[in-house]
Amino acid sequence: MNATLLIDYLKQEILHDETIDISSSDNLLASGLVDSMGIVRYISWISERWNIEIPPQDMTIEHFITIDAIVAYLESRGAL
Amino acid sequence: MKLSLTRSQYLLWAGQELSPDSPLYNMPFRFDIYGKVDQELFALAFQQMISESSITSARLLMTSENLPELYISDDIDPQHDNLDATQWSSEKWYDWLTKQNQKPFDLAVCAYRSYLVRRGDNHYVWYFNQHHLVTDAWGISVQYKRLSDLYSQLAQGKKPENNATLPAFADYVEHEKHAAQNPKKQDYWKNIISDTPPAPSLYNYKGSRPYTRTSRHGYAIDADTLTQLDQLCQERDIISFTADISRLSVFMTCLFALIYRLSGQEHLAIGTPAHNRSKPAFKNTPGPFIEFFPVQVEIDRHETFGSLYQKVKTGVMGYLMNSGSGLASPALSSSFYSVLNYIHADFPDFAGIATDAEWLSVDHCDPRHDLRMHVIDYKRDGQFQVQFDLNHEVFNSEQRQEVIHIFQTLLAAMIADRSQEIEAVPLVSPNPWQESVSVTSTTQLTDLLFRYITADNDLTALICGEERVSYSELYQKISSLQVKLQQSGVSSGDAVAIHLQRSVDLVVSILACIATGAHYVPIPIREPATRASHMLRDSDARFVIAEMASEIIKLDPSVQLISPSGSDSQSKLDILSSELAYIMYTSGSTGKPKGVMISRDSLAYYLDEARKLYSPQGNQMHMPLFSSVGFDLTVTSLFLPMTTGGSLHIYPEPLQGPDMSIIEVAENHALTAIKATPSHIQMLDPHWHLPQLQVLILGGEALSSDVIRDHAMKHPSLRIYNEYGPTEATVGCIVHTYDPTLDVYGDVPIGKPLSGTRSLIVNRAWKEQPVSVTGELLISGPGLAVGYLGDEDKTQEKFIMLHGTRYYCTGDRAFQSQSGVIHFQGRADDQIKIGGRRIETGEIASAIARMDGVRSAVVTTLSQQRPSEAETNCRRCGLPSHYPGVSFTEDEICSLCLGYDAYEQRVKGYFREMDDLKRIFDTTERSADSEYDCIMLLSGGKDSSYALGRLADLGIKVLAFTLDNGYISQEALANVQRVCRALGVDHVFGKTEAMNEIFVDSLQRYQNVCNGCFKTIYTLSTKIALEKKIPYIVTGLSRGQFFETRLTEELFTDETINFQEIDDVILHARKLYHRTPDAVNRLLDAEFFEDDEVFEKVQFLDFYRYCDVELTELMAYLKHKLPWSRPSDTGRSTNCLINQVGIQVHREVHGYSNYAFPYSWDVRVGHKERDEALAEVNEVVDDAAVARIKAEIGYSDHTQQDQTEQLAVFYTSDRQIPTADLRQSCREALPDYMVPWHYIHVPEIPLTSNGKTDVQKLVNAFRPTRDVRRSIVKPKGAIETMLHDIWTEVMVRDDLSTDDQYLSIGGNSLMAIRILSRINKKFRLQLKLHTVFKYNTIQSYAQHIEATIRSLMTTS
């Protein structure tokens, strides 16, 4: 449910391409799928959508490399 | 179509308007296409590309409201030409390029130009230059790729379709309007702007950045470095979301490191662009999208590349998260002075033909930007290049090369080991001359000094008043004193103290010591006794040459006193050698003076160099001896004349009062050279007339060009030298010849080292600073002292080995110019840091001193100024010598004790007998429903326990009250309970939740905890007294504490005041005290104090006003009559554990304990022994416990500092200058953070005995207590003016407004007494004390006086 929400927003608002097939375990960063500005805007949205502050020290590759990782991070922050 | 400008376009337009003739925003690109290009097809492709890129053809027009607007015509007429340059020399080609690059655009006509230039059969260059107003680098990449695509299609015979779906720039202009409406992002940038760092002074550049001229310097990063960089970006602590973010952050870290190393500034910002093509559709739209945003860091001491990277990463994340379209503003774009441009644009091959792209430099940039660094990878092959655009105002040609080298060095250092400190990276390879070269003076000191002192030289050697001594007479005097010295046992290697007024005897004594192989220790006659005694002991001098009547011998009876008058025997002078010449004491910034041991070789070296420099022809030098012999500056005057056969003119110092000998010196026509401090020269009118004077040597402190300018102008043939040298490097080691045409602004440089002396300027990690960068000045050479006497640790710390050479660390900040001239930049200690910004006080002082009417200025902070150490304590009462407002006599008696002698009897009259106390209770009817006669405030300490016992003895029914503040010692509490039980006294504890907050408030307001605690006690006990209808509260305050809180000397010197009035004043002050808003007033239920009747219902009695008991008697009573034992778990002066927090905070802020003053009164009135009081005052506090308690109550030193940290200027002037004018001028000349807060006019700048500015004395005389940035109502009329003067004098402040409420500006009852006694004297009135509180402003008091006078006149 949350994964779907994350993927939909990524496609619509960050990549502006709904035809792309993205699974929750796809590496968003290494493939160049999402660029620097994109990932940061994505994090910005996540922070607002789940109403949490994401401190800069949390902005690591581990937390945002896949949709699964993002879900895990949100869970660890008690946001889900 | 009309288009309004985006925020960033607007800024570009404004920038271009500011530099209308500069091509600073031209963006020329050249694309070298290595193959055949069809010119016609190319023109067709260009035509289509331009018509699709509507913004490119925009024209800038002004609206009727005179606002810029872009106009895009529907009929686009592409501007493109072909050019055949196959025959052009490369010189002609580059000339053409430069001309094209720099030719300004007429934006009203066309903002681009395009040429296809044929350079050869298979080499075409597309030259495309656009104004930044219509493009950015990404936009050019879009245009280039589209052009390439169109050309390919045309070449294949296709008719390319128009790219109509592409959003136009106009869409972005619309988009920007919405995108900018993001409060979160706006707040983020608002917050960043509020903490904008000042401009860093790269290479000490301090100008106003007026010019746009730059040049570009770059390099391609080599393959090895690129590989290592990639690896670095994969490291766990470095890796970021994308390789680009990691790389950007690494480059930014190194750029920050570079700016830091070249400026020394810790708070820094770098501007970096956001591409703003956030919607994919915009990715292919040409136009100027980018906006610049700052990333800020604060660099710490010991910052490593790794730790800085983490800060940069945080900043970069913040910038990425919060950047966006339309957020640019003038404030944001002027919040940085360096730019890092990590360019995303790429330029692949053109239509399949190998192509190189290059962004050409127009050699002009935004004048604000000291440097811009571009990171480019146009081919997207990972072959990064780094380019710097460097402003010519800031960087000279050597520095422009050096910057590239330094960046490479720092990048390599970060890659090699990011855990290393940024400071520790060597930027400059050590010069070969730094290798140790041993230079020793070949001249013997005694050869220099005694060359002319012979038995048959009749020239005049010394002149002192009427006394003239020839060289032959001097010879006789020295030899006869030598006999006496030797008879007294002085031999080679001995230390001999010399304690004489400046006189013939002084000079003879010094020379006799040297001849005898001893070294002299000068102790000026006006040296304070404690210091003199320290010098005697520390130097291990067994002999002192002084007048027979001198009291110096009392300081150390083991020293042998030798009178300077020689024996009558005629003998031959025997010249002996030894290691040392003298020991000179320098006042350390903390603690005791240090003895600097100067060898005979060092002194010989200095004198030899000085003689060659100041008397190059070998002329006789006739000099005055008028400065303190304890100051090494004076060594020049003392010895130089006799090394040249000249004469020494001696000016004895007065035994009291200021030493103004310089005035007489300036009238002595015989002088040829003078050595003085700049402060001395400042005392002189530049019109002095000394016809023989050839040389003026200035030393001892920084020489401001303002000080010397007039003197130099009036005396053009005078040779003026600025001589620099710490005592530890023998008088002078770096000298500058003043040049009135060059040394115009700021401080005069200190010049170049003497031959044989070497200097080194290093950073905190001992790495040499590049030319023009400030660091600590180190000195090496034959002048270096042997070390500090008896202080090996300090010697090791200040005299270090570096590159195999011994250096002295001067603690002075300096930089070296390209020509090798050294510029002094102030003491490291003089640097003030406010809000993280380093501030040079000298810079502010010279800005103020330039103002019309101002004579001199000294800048300091009033809070950060470390409190001075007490030089001594009053011999009678123990009060420290730096207690504000108190002066000391020569024999170290404080003015309070002296004053007390005069009114002691009256004070005694104020105190009463126990019978008086008993009578009060006897005559007070206890109300029927009250159980108690009084409340006794019982702390559990000895004084209050004794008082309770005595009250109980009197048969008074007491309720004992103790405040449990949470920090009363367990043993003290046990005492309280035992004592009350033994006496059968009821007892109650007071307590409040708000205690910690009260402590914090008290520490912040008064730097102690006691004030808050006392007020809590009074408030809680009064409440109980009211509830239980108890008429009296008895305190156990000591007599010393009365004087701290209630009494003042004026009460007793002013005989018109009777004791009843004193009590009235105290009562009145108490009312105001309880009604003053503070934490107690706010947090405790204290409303009942608003009712005046409370103070009648509950009265305070001070037990010790009625009881005069010796300590021994008190202790005996406690021992025999009460079960009281001395607590072992607290300090000796208290039973309260938190007390030491107050003591520590007070000592830190004021330099002395909060008990220093009340205890001095206890001693003065005979209630304490001096030694006992001093022991208590100086008791060591337990730092760990203090830190723990501070944390518990929530007090942090930081909050306290922030409140009080303020810049202040002390100045002297020819006329009255309104503070507002001074502040305004400062605002015009200085950045905001350097504009002083306080402007304090002083009649004169006090000097230390060595002739240097005495900053501490200024600071001690003034302590500000509030914001002065408010409107000040000036006094009107004679009465208000007189009152204003009195208030100003008593309250020691220069910013009083006639509508200031007495209490709100820190007035108290003590000051009220002082004020009233002055008013009564001045107006010949007998006004009552309470009137000061009743008519509580200058205005209302003036009216009161007027009314009083009028009524007196009518009655008479």
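Start where chain A meets chain B, and select B:R236 together with A:E62. This is a predicted model, and across this interface the rule finds one salt bridge. You're looking at it: B:R236 pairs with A:E62, and their closest N and O atoms sit 3.5 Å apart. One residue pair in polar contact also turns up across the interface of the two chains, with both residues at pLDDT 80 or more.

Next, colour α2 (36–49) and α3 (61–64) of chain A. These are the elements that give two or more residues to the side of chain A that touches chain B. Which of them gives the largest share? That's α2(A), with nine residues. If you colour this side of chain A by residue type, you'll get 11 nonpolar, five polar and four charged residues.

Now show the whole contact. Chain A brings 20 residues to it, and chain B brings 20 residues too. The size of an interface is often given as the accessible area lost when the parts come together. Here, chain A and chain B bury about 1700 Å² between them, and 69% of that is on carbon and sulfur atoms. Pick out A:M37, A:V40 and A:M59: on the chain A side, these lose the most area to chain B, together 33% of what that side buries.

Leave the interface and go to B:L951 and B:F1103. The largest nonpolar core has 99 residues, and these two touch the most other members. Then select helix α29 (residues 1010–1028) of chain B, which gives the most to this core: seven residues.

Stay with B:L951 and show what is around it. Leaving aside neighbours within four places in sequence, B:L951 is in contact with B:L917, B:F921, B:C934, B:M936, B:I956, B:V958, B:V1034 and B:F1103. Apart from this core there's another one, of 95 residues; to find it, select B:L202, B:Y260, B:V297 and B:L308, which are among its members.

Last stop: B:T1298. Look for it in the loop between α44 (1277–1291) and α45 (1309–1323) of chain B. Is B:T1298 buried or exposed? Its relative accessible area is 0%, so B:T1298 counts as buried. Now add B:Q1339 to your selection: the side chains of B:T1298 and B:Q1339 make a polar contact at 2.8 Å. To see the rest of the surroundings, show B:V1273, B:K1274, B:P1275, B:E1280, B:H1284, B:T1337 and B:I1338, which B:T1298 also touches, not counting residues up to four places away in sequence.

How values were computed
Residues numbered from 1 in each chain as written. Chains lettered and ligands numbered in written order. Predicted model: local features only at pLDDT ≥ 70, side-chain atom pairs only at ≥ 80, totals over all residues. Heavy atoms only, no water. Contact = heavy atoms within 4.5 Å. Buried area = accessible area lost by both parts, 1.4 Å probe. Salt bridge = Lys/Arg side-chain N within 4 Å of Asp/Glu carboxyl O. Polar contact = N/O pair within 3.5 Å; in protein donor to acceptor, adjacent residues only side chain to side chain. Helix = DSSP H or I, 4+ residues; strand = E, 2+ residues; numbered from the N terminus. Nonpolar A, V, L, I, M, F, W, Y, C, P; charged D, E, K, R; others polar. Core = buried A, V, L, I, M, F, W, Y, C linked by side-chain atoms within 4.5 Å. Buried < 20%, exposed > 50% of the residue type's maximum accessible area, 1.4 Å probe, protein only.
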